[in-house]
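Welcome, and thank you for opening the viewer. Please keep the selection tool at hand, and follow the stops below in order.

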There are 2 protein chains.
Amino acid sequence: MSETADAGSIPPAANEQPLLIFMPSGRRGHVPAGKTVLEAARELGVEIESICGGRLTCNKCLVRVEEGSFQKHGISSRAGHLSDPSAEELALLEKLDSLDCRLSCAATVQGDALIYVPESSRGQKQIIRKTATERTIEVDPAVRQVYVEVDEAELGEHRGDWGRLQDALREQWEIETERIDLPALRELQPALRAEGWAVTVTLWQDEVIDVQPGYREGIYGLAVDIGSTTVAAYLCDLRTGAIVAADSTMNPQVTYGEDLMSRISYADSERTGLEKMHEAIIDTANRLAAQTARAAGLQARDIHELVVVGNTTMIHIFLGIHPGELGGAPFALANRDGMDIKARELGLRLHRGANVHVLPAQAGHVGADNVGVLLAEEPYRWSEVGLIVDVGTNAEIVLGNKDWLYSASSPTGPAFEGAQITHGMRAAPGAIERVRIDPETKEARFRVIGEERWSDEWQLGAEVPPEEQPRHLAAGICGSGIIEVVAEMFLAGIILADGRFNPAFQGDRAQWDGRTGAYVLATAAESSSGRPLVVTQDDVRNVQLAKAALYAGARLLMQRAGIEIDAVSRVILAGAFGSYISPQHAMILGLIPDCELDAVYPVGNAAGDGARIALLNRQKRAEAQTVAHQVRYIETAVDAGFQEAFVAAIHIPHAEDAFPHLADILPDNKQAPRRARKRRYSRD
Amino acid sequence: MSETADAGSIPPAANEQPLLIFMPSGRRGHVPAGKTVLEAARELGVEIESICGGRLTCNKCLVRVEEGSFQKHGISSRAGHLSDPSAEELALLEKLDSLDCRLSCAATVQGDALIYVPESSRGQKQIIRKTATERTIEVDPAVRQVYVEVDEAELGEHRGDWGRLQDALREQWEIETERIDLPALRELQPALRAEGWAVTVTLWQDEVIDVQPGYREGIYGLAVDIGSTTVAAYLCDLRTGAIVAADSTMNPQVTYGEDLMSRISYADSERTGLEKMHEAIIDTANRLAAQTARAAGLQARDIHELVVVGNTTMIHIFLGIHPGELGGAPFALANRDGMDIKARELGLRLHRGANVHVLPAQAGHVGADNVGVLLAEEPYRWSEVGLIVDVGTNAEIVLGNKDWLYSASSPTGPAFEGAQITHGMRAAPGAIERVRIDPETKEARFRVIGEERWSDEWQLGAEVPPEEQPRHLAAGICGSGIIEVVAEMFLAGIILADGRFNPAFQGDRAQWDGRTGAYVLATAAESSSGRPLVVTQDDVRNVQLAKAALYAGARLLMQRAGIEIDAVSRVILAGAFGSYISPQHAMILGLIPDCELDAVYPVGNAAGDGARIALLNRQKRAEAQTVAHQVRYIETAVDAGFQEAFVAAIHIPHAEDAFPHLADILPDNKQAPRRARKRRYSRD
């Protein structure tokens, strides 16, 4: 603060805070010695990607130390600026071929340093492709506006203005209300007198939350889906039901750990961890409210209700409830039921009388987001058996029809979100999302987010004018790309049905380290880092584990329901991820149970749609409560049948007879011995 | 801020803020030129008494300008430091014989000034004599605590901790609850696990507001009576019903104007007037909560509910509702009914889940305080007709029995509180509260608050040791003193039945200014100001107007009820004032209708008792709501009968036959011609 002495002449004191400069952003500042580089970066507002939250597993937070100390202290050696790497970190760096780098979650600050954050490690705003689907919802929201003409106050008549308003509501609208929110009561008297005792009353359920002079029109609500990674918001006109604006943003809690367990740990490990994550999501909700309102020519105070869905951990943190119990058996929720809270109690800056409605959860691992999916897809009205899969860090699976419903949460891990994959990344610009491999040449072509052309049409090299070069080179592989590349590697014979690399696979695209193979998906020239992007044996194994978990979850529910393996008449893929994966590749991989390919429906953000439905129709909240209690949740973690199904599902499915429809799409050489195809339910 | 230059050498800039110093407190500071001295004093934390709120009517805010500017500016003249007095102010100062003073509400600051605030103008903490009466109340509060043992969370069972708690409350206590306050929900999970799933649950109505591990005991509530002048608080143990601490303090809004109209004007005249008064009363409630809790060895967070009563203006301001509509016909209340609000919404620092219950009002001028009086005295259960009088700035009058109840608010004005009386003051140390006048010599003796001895036993003079001198000389006359002195003046023949000074009145105690007489109550030696304290013809008139208003209100209700003039079997004097007036003198004056002297009951702070009853017994809140609707409120302001009764009641009552019981107490020479005494109802 009061550093007035000439810094150049004084060697650094032991307790002086080192200076860190992060490139390419140029952000700089002093941080206490002993902090990790990741923590220091957060403090200085530099976003470094971190999925595992500092547990040395995701390897996403690599940084390069460019300069260890600065001239001003007269020391030029690079020693002493960061802590020495542990044996574990060194092994990881060696494996990643990044010995010139450090893991920013492991290296601690010891002295001044200039640190370079490579593109692949930079946290950045994601491209969000969630769009609300159009569906017919009866508009009967919890918030409504009515215009009433109220008796004037008269001497000798003592009802009070609120009593007179109650009478007017009863007589003119048959509305019985006993409650008026204090801020509305405070403005009641001037409002009644401003335009001759005619007012527009806004009610939430049976509570008056606003009284405006004369005739006014305009009530809006916000449906919010808090995903672990993405927060999506839909601003709706509560009179028409129309979406008037939508927006989404990254969940800022990602910087505290990408998966749920990391966040639960963070809430525990730091004294104010819960508070920080809570404030971060409240800030985000406020920002989305303001942004969507502005986009629609409104203000945040025009938003009269907010309906929120999310997984149980997200909802706990949103409400400021410690999620610790969700981190271990028996996974106890603080509250399973839907609830209403004044928005201002949570620090939300909406209409001053606005309420928040949280949809109910089903169980410790199946939250309001899945109940939102149920509201959106209404499996409890289906006459035939269908399957809904919502893939995220965990996959929520629902199986059933109008007579019965089962649900489970499958521990797919974050592979489908790009984590635990050597060159995995989130769905951001530069992420490979589509892959085709030539079965003959084994050459790959791919498409990255942010660039329309497939990679085989890219023009590269110094001689190509910048405007003709691809806007993004390949930076990594996102979820849909991972599914496609592994399925394509199987189809091209690069990997075998058990997931091992085919020993016969050779050529430019092959990398062998002893008996361990790898496939070069993007060449050094096609890659933003200048190094090839490869799919390793470990990556294939991780995808196999994830898909086996998902498939085993579905199989477990089918076993519980006692239905045949081909009894599923439709498969609904919910979530943004579901919209971008190729159903064909998913089925080749054995991600989902067999059914006709055109009975696979990607429905986008069904959880968000469910929130919107509950926002627009209050009867649906009771429906949500009922169905949340009806669904029978099966705990996969302790189920022997799940383990069995999981092991059986590790292989790539041509060896199984569970996928008769694959016959229609697989090339001849991958066909399983054809068996008698069972009768299937007709589809509506 | 950064005044570094030598102040002594620089003349004051035109826009420099003048420096004010207030004596004897010594408080000082710069204030913008143009503020009134009263405003400046408030800003600097100097309390100057002001009853009328700056309307040049109460003449309580006199100050003396000791020094107009200071040496440092090299100007020693007294000119230019305050604005010149207006003709109106000059006339007032002349009338008050105070031409060396200024009215601080009228004089504005123009330059530096040293200002002396005489004792009579100083706002000060009042001596509060309100004590809660002991009465039997069935303890059945809205807040209760129950101990429950809750099912442990188990894998495969998904009720959630709140669901499990709900089940335990239902099974073990037959309590059905759907609501848990968010802060309680946030601490539910650790609380359940801290002592083996046994917890103490605190409920307010059917809402869970706290969950504590194991067995705990201790719920407390605070009953608060917000008077215009005094705020009284009773801390009660909600298990036993016992008062564990009581305290009271001056209503800090007094500095914004003493009577209700002044405060309503203040809310209007300043942009933040309402906010200031609201914050002042909330601060006071917080302070009383903390003080009573400390006195009982508790903390404010042990207070789980607050029940509040007050007149309608006080309740509006407490809730942050602008009281403007109460300032003029038709005197519309924002809300007549009882209501509940989370204490934290009002900024009250009690238990984090505490609620505030506000008792209902009857009409624009009869508020929750009067409903509290009804709860305390229960006239709606009387078999005979009784009268309740609650004297304040307005007098609330209730007449009736179990079959019917009438109420009215009589505009007595503030004379009974010491205002509009030449030497009137509030019930503070030095105030004359008891008076006796010798009918022969016309000599007075009196007693002041804070001094046990009557004035005729005082030892005065320089030769008397300080410890033998009275602790307080006479500083003014408070309400009970005013009633006694006027009644005694009548009994001594100093004034006639019509209120005029008896032309035959002469001697040391007589002051005549032409045909206008005055009575010297305290001599210069007995007075703290060194000037005699007199009772003028105007003072007598003001007391006559006040007592006539009160009596006329009672008569009006009796007329409406169609009952005989002596049908009142008891008279209840509520309020602190009622406890200190002499029933005998009140009846001589004709303040209250005739009845036997021993059927007049001073009951102290019945409004506060009512708040306490509602705090301890929630059924009483419903009772309050019912009775508030039952009482028929008679608007005196527009009633011809009231005007008639008022005019008829101006005289001092020996000329009337309405006071047969006076025969027992009046001296022979004051007896009215005896008439046939009517049969009176027997008393229980």
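## Stop one: an aromatic cluster

Begin by selecting Phe501(A), Phe505(A), Trp512(A) and Tyr519(A), which together form one aromatic cluster. Keep in mind as you look around that this is a predicted model.

Across all chains, the count of aromatic pairs comes to 16. One of them is made by Phe505(A) and Tyr519(A): the ring centres are 5.9 Å apart, the planes meet at 40°, and the pair is classed as tilted. Now colour by secondary structure to see which parts of the chain this pair links. Phe505(A) is in the loop between α10 (479-491) and β22 (510-513) of chain A, while Tyr519(A) belongs to strand β23 (residues 516-522) of chain A, and the two are 14 residues apart.

Are these two residues buried or exposed? Phe505(A) has a relative accessible area of 3%, so it counts as buried. Tyr519(A) is buried too, at 0% relative accessibility.

## Stop two: charges over rings

Next, select Arg445(A) and Trp454(A). The charged end of Arg445(A) sits over the ring of Trp454(A), 4.7 Å from the ring centre. Then move to chain B and pick Arg570(B) with Trp382(B): here the arginine lies over the face of the tryptophan, at 4.5 Å from the ring centre.

## Stop three: chain A as a whole

Zoom out and show chain A as a cartoon. You can trace 16 helices and 27 strands in chain A. Of the 684 residues in chain A, 59% are buried. Switch to a surface view: the accessible surface of chain A is about 27,100 Å², and carbon and sulfur atoms hold 48% of that surface.

How do contacts in chain A spread along the sequence? Taking those between residues at least 6 apart in sequence, 66% join residues at least 24 apart.

## Stop four: where the chains meet

Finally, show both chains and select the residues in contact: 43 residues of chain B touch 43 residues of chain A. Chain B and chain A bury about 3,300 Å² between them, with 57% of this on carbon and sulfur atoms. To find the residues of chain B that lose the most area to chain A, select Leu155(B), His158(B) and Arg186(B); together they account for 20% of what that side buries.

How many salt bridges cross the interface of chain B and chain A? There are 4. For a last selection, choose Arg193(A) and Glu325(B), whose side chains meet in a salt bridge with an N to O distance of 3.1 Å.

Definitions and conventions: Residues numbered from 1 in each chain as written. Chains lettered and ligands numbered in written order. Predicted model: local features only at pLDDT ≥ 70, side-chain atom pairs only at ≥ 80, totals over all residues. Heavy atoms only, no water. Phe/Tyr/Trp six-rings, centres within 6.5 Å; stacked < 30°, edge-to-face > 60°. Helix = DSSP H or I, 4+ residues; strand = E, 2+ residues; numbered from the N terminus. Buried < 20%, exposed > 50% of the residue type's maximum accessible area, 1.4 Å probe, protein only. Lys NZ or Arg CZ within 6 Å of the ring centre and 35° of its normal. Contact = heavy atoms within 4.5 Å. Areas by Shrake-Rupley, 256 points an atom, 1.4 Å probe, with all protein chains shown as cover. Buried area = accessible area lost by both parts, 1.4 Å probe.
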